[in-house]
Amino acid sequence: MFINKTEDGFNNICGRRIAAKRIEMGMSQRMLADSLQIIGLDIDKNAVQRIECGKRFVTDIELKYISAAMNLTYSELLD
């Protein structure tokens with residue numbers, strides 16, 4: 001049976017990297033959500049928090065917007 005989670009039970013592999021990079025950039029979760037909304041992704045601070053703690057799946061569309069808002073490559077968010 002296929003399980004759609006990481007080995008440690010997370011729903012995504014990019015959340016912890018997003019959080020680390022966001023903190024490194026001096027950005028709050030609200031600031032990231034606001035930046036994403038400005039460029040066209042309808043997401044709020046609570047969704048960002050759920051992504052970062054691994055409780056929410058991330059679509060490829062969302063990953064594209066997140067990488068653009070943070071000026072990072074996809075591989076920087078996934079590796």
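Hi everyone, this is a short walk through the core, the cysteines and one loop residue of this structure.

A word on the source: this is a predicted model, where local features need pLDDT of at least 70, side-chain atom pairs count only at pLDDT 80 or more, and totals for chains, interfaces and linings use all residues. Residues are numbered from 1 along each chain as its sequence is written, and side-chain values use heavy atoms, with hydrogens and water left out.

Let's start inside. A nonpolar core here is a set of buried Ala, Val, Leu, Ile, Met, Phe, Trp, Tyr and Cys residues joined through side-chain atoms within 4.5 Å; buried means under 20% relative accessible area, exposed over 50%, and partly exposed in between, using a 1.4 Å probe and protein chains only. The largest such core has 16 residues, and those touching the most other members are Ile-18, Leu-32, Leu-36, Ile-43, Ile-66, Met-70 and Leu-77. At least two core residues come from each of helices H2 (29–38), H3 (45–52) and H4 (60–70); helices are DSSP runs of H or I, at least four residues, numbered from the N terminus.

Take Met-70: beyond neighbours within four places in sequence, Met-70 contacts Ile-18, Lys-21, Arg-22, Met-25 and Leu-32, contact meaning heavy atoms within 4.5 Å.

Now, how many disulfides are there? Zero, counting a pair of cysteine sulfur atoms within 2.5 Å as a disulfide. The Cys-14 sulfur has its closest cysteine sulfur 12 Å away, in Cys-53, so that is too far for a bond. Cys-14 is buried at 3% relative accessibility, while Cys-53 is partly exposed at 27%.

Finally, Asp-44 sits in the loop between H2 and H3 and is partly exposed, at 38%.
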